[in-house]
Amino acid sequence: MKNSTLFSISKLVLLIVFLSFNALIAQEDPVDIIDSYEDYTSDAREVVYVHLNKSTYIKGESIGFTAYVLDKKDKKPSLVTTNLYVSIEDDKKNVLQKKLLKVENGIASNIIELDSSFTSGYYTFKAYTNWMRNFNEQNYFIESVRIIDPKGQEYIETARVENAIDAQFLPEGGHLLNGVVNNVGVVLKDSKGYGIASVKGEVRDQNDNLITQFEVNQFGIGKFPLLAEIGNSYKVNLSYLNKDYSFTLNEKIEPIGITLSLVNHKNKAIVSLVTNKESLKQIKNKPYSLTVHNGEKIEALDIVFNKDLDILTVFDLDQLTPGVNILTLFNENNQPIIERLFFNYNGIDVITSGKLSASKASDSIVMKLNFKAVNTREFNNLSVSVLPQETKSYGRHHSILSYTYLQPYVNGIIEQAKYYFTDISQEKQLELDNLLITQGWSSYDWNYIFKPAEYLTYPFEQGFTLRANINKDVKGPNNRYMLHAIADQEPKLFEADDTDKTFTLENIFISEKDSMYLSEVKAKDLLSPAKLYLQSYPNMIPVFTTSKNALKPKADYATFAGLKNKVLFENLNNIHELDEVVVKTELDKIRLRLLELGQHTYGKIKIPTQLDRLNFYTLGQYLAQSNVRVSEGPGTFSVFFPRNDRGSFGGAGASAGGGDDEIEGENGRLENTGALIFLDGMQIIDTSIFASMPMSNVDYVELDPSGFGMGIRGNQGVIKIYTLQGSAYKSASRDTAQKYSLPLTFSAKKKFYAPKYRYYNDDFYKGYGTVAWKPELFVDGNGDISIKIKQPKVPVTLFIEGIANDGSFVFEEKAISLN
């Protein structure tokens, strides 16, 4: 029998304090509490959530992921965060792979290749910023994933659970008080740490009298009321898998104290503070304080017990902060004695999709999902994992909602936390409240809050900071240096005076695919290679240690024999077995190089053949037959991609009007700019050097009409030219600039490749196959997202997460049959 919350009210005088936050502000603040809290929370905090495309992988696949970095206070994308670290480690804390990712508009996406260093087992995926390491709350991301090696594990065995129960009984507020009704939270777990579903229990006293009965939910969470009495003892009897269990309720019954209970009723949070007669003698007229905070603002209410044993306080939910609210009762010495967490669903904006349409294009399907509530003028980003509808490989415990609004505020590990944010109902709200009863104290530890303010050890990082030491005598005021353009960053000019042999370059963003060049600017603005000694920060990926362990993904694993015969891949990013390719002709050699050079690039690689070099004498002539327009003359060289080849943010980057080579410039005028041009990794500002450039110098060319990763300057596309060894152009670039390498750079964005399977409709594929992963989708002007996938042979489910409307969230699982 499930019990409703019992609420004890004194028969003498009922003191009801009904208040709003405006009334709370009028109260006199307990200086020590409020000041300490505001000092502790004054530093901005980020929280990161990572949408992984699955939770169970086959070795050789890639983990596709999108990270969402949000401001913890307003839950909006962090516009100042740029550096995000991700790592994956084994059960012995050995880090197998790690990356530094560039965050833009709060978003970063990439892949982790499950290469030969991985074996069958569970691994921990982490994502964090350097700044997060300063704080105790779980603002970082941590999740367990399972990896299966087909060669080392011939079978996927069904998980077996021992017939055992780990039972915990936790009083609401943390104490059992003599002579009053206490709510007691129940947590039942199996040997693997998962909740035991739907177990019924009963509570009996020392004389075997039945006190109450209860039933836990599907995650082993429940509660029961108990009128606790000193001198009596209590036991809890359970029945599970045809076996009876009996547990002694060991929680000490306190003779003196206060209990705190809370119920949610008609859009009100009703808080009851109850004491007993013995306690009243000691606490009467003493100034207590009840605070409520959410990691940002804090309010305080004076609490004084006079002659009544009950104080009732009512909060309007519309005036409480959305998400977790932490209520703490302090005694007259400002010591925290009771804490209770409460979740307020009001004000959390969740956007769902509407109409789905699908159209066939050759062997592919294009699905369009409409999100009419998304304001397309605001930044939005959605990530979508497409898996077979019967998948067993998406046993993730969290969603973007649960990890943003719930996990950072609790100390415990929550099983299937996303459940409480899926099809939200009154029953689920009650289940989450029962869960929070069992969580005890929040992640905001008052012991740390009351400590004197300390210097934050780990600085906030934005790109790289370079310290340049000049390796020569500095004479005169005009010692100038230029950092050449890197990706979407403009060239930068720096000066060192005659007394300073160092200068600092801040906010430098360089990826592993970029090159960094520095020149000294001499008289008449002539350039020569810079002679500098560079130091960079950060220069290594910090190891992030935490005492928390992520709960392993839960799934009902089926048994499959002959596993290694069901997949065709070793490493998807080297899926073409290059070492087995038989090279017979020049075209074979070119195809081989195209495979090598084309991995993880967003542009099209063109390698000139010997016939090309005979037919096209200059670079301009060669490019002109590649669907681009070349403007070339004495001392001039520009290249323009056709407008319909160019892409930008949201798919709406091309300006209205004008020719193929026009974009909107200052004062609304249309300016011809052309594609960015790089030579051997260095952006060339004066492109006249390419005029009449002989093809005998060209090794290969990369054409990228999207200009992906180059920002607004790449809106007209990017062309990267690579010269042959010994080329006069290669040596010419060395005459004016010095190339520098850094020990750490941002990881380049990499494409996600869907695995290839022997069969696309067998039980293995249905359970563990991957259809597609779309890390960065944008809602277009019509309110649609478009998802193009190869025509599936089985029904699929879309696992959709994302952000929109400057504070709204998307979390949806949509089952679709496309036959």
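User: Two strands pair if DSSP finds at least two bridges between them. How many bridges join β13 to strand β16?

Analyst: This is a predicted model, in which local features need pLDDT of at least 70, side-chain atom pairs count only at pLDDT 80 or more, and totals for chains, interfaces and linings use all residues. Residues are numbered from 1 along each chain as its sequence is written, and side-chain values use heavy atoms, with hydrogens and water left out. Helices (H or I, at least four residues) and strands (E, at least two) are DSSP runs, numbered from the N terminus. Strand β16 spans residues 234–240 and runs antiparallel to β13, and the number of bridges joining them is five.

User: In β16, which residue is the bridge partner of arginine 204?

Analyst: Arginine 204 falls within strand β13, residues 200–205. Its bridge partner in β16 is lysine 235.

User: Why is strand β13 said to be largely enclosed by the rest of the structure?

Analyst: Buried means under 20% relative accessible area, exposed means over 50%, and partly exposed lies in between (1.4 Å probe, protein chains only). Strand β13 has six residues, and it is largely enclosed because the number of them that are buried is five.

User: Which residue takes a positive phi in the hairpin of β13 and β14?

Analyst: Strand β14 (residues 210–215) pairs with β13 in the antiparallel sense over five bridges. Glycine 201 faces phenylalanine 214 of β14 across this pairing. The hairpin has four residues between the strands, and the residue with a positive phi near 70 degrees is aspartate 208.

User: How many residues of strand β34 are buried?

Analyst: Strand β34 covers residues 516–521. On one side Met516, Leu518 and Glu520 are buried, and on the other Tyr517, Ser519 and Val521 are buried, so both faces are covered. The count of buried residues is six of six.

User: Which residue in the turn between β34 and β35 has a positive phi?

Analyst: Strand β35 (residues 527–529) pairs with β34 in the antiparallel sense over three bridges. Valine 521 stands opposite leucine 527 in this pairing. Five residues lie between the two strands of the hairpin, and the turn residue with a positive phi of about 60 degrees is lysine 524.

User: Which residue in β46 stands opposite methionine 516?

Analyst: β34 and β46 run antiparallel and are joined by three bridges. Across from methionine 516, the β46 residue is tyrosine 740.

User: How far apart in sequence are glutamate 113 and lysine 750?

Analyst: A salt bridge is a side-chain nitrogen of Lys or Arg within 4 Å of a carboxyl oxygen of Asp or Glu. Glutamate 113 and lysine 750 form one through their side chains, at 3.9 Å from N to O. Glutamate 113 is in strand β7 (residues 107–113) and lysine 750 is in the loop between β46 (738–740) and α11 (763–768), so the pair links distant parts of the chain, and their separation in residues is 637.

User: Is lysine 750 buried or partly exposed?

Analyst: Its partner, glutamate 113, counts as buried because its relative accessibility is 16%. Lysine 750 has 22% relative accessibility, so it counts as partly exposed.

User: What is the relative accessible area of arginine 340?

Analyst: Arginine 340 forms a salt bridge with aspartate 433, with the closest N and O atoms 2.9 Å apart. Arginine 340 is in strand β25 (residues 336–344) and aspartate 433 in helix α5 (residues 426–437), 93 residues apart. Aspartate 433 counts as buried because its relative accessibility is 10%. Arginine 340 is also buried, because its relative accessible area is 1%.

User: Which residues do salt bridges that share partners join into one network?

Analyst: The network arises where salt bridges share partners. Its members are Glu202, Arg204, Asp208 and Lys235.

User: Which residues touch the most other members of the largest nonpolar core?

Analyst: A nonpolar core is a set of buried Ala, Val, Leu, Ile, Met, Phe, Trp, Tyr and Cys residues joined through side-chain atoms within 4.5 Å. The largest one has 101 residues, and those touching the most other members are Phe125, Phe343 and Leu406.

User: Which strand gives the largest share of this core?

Analyst: The largest share amounts to six residues. They come from strand β4, residues 62–71.
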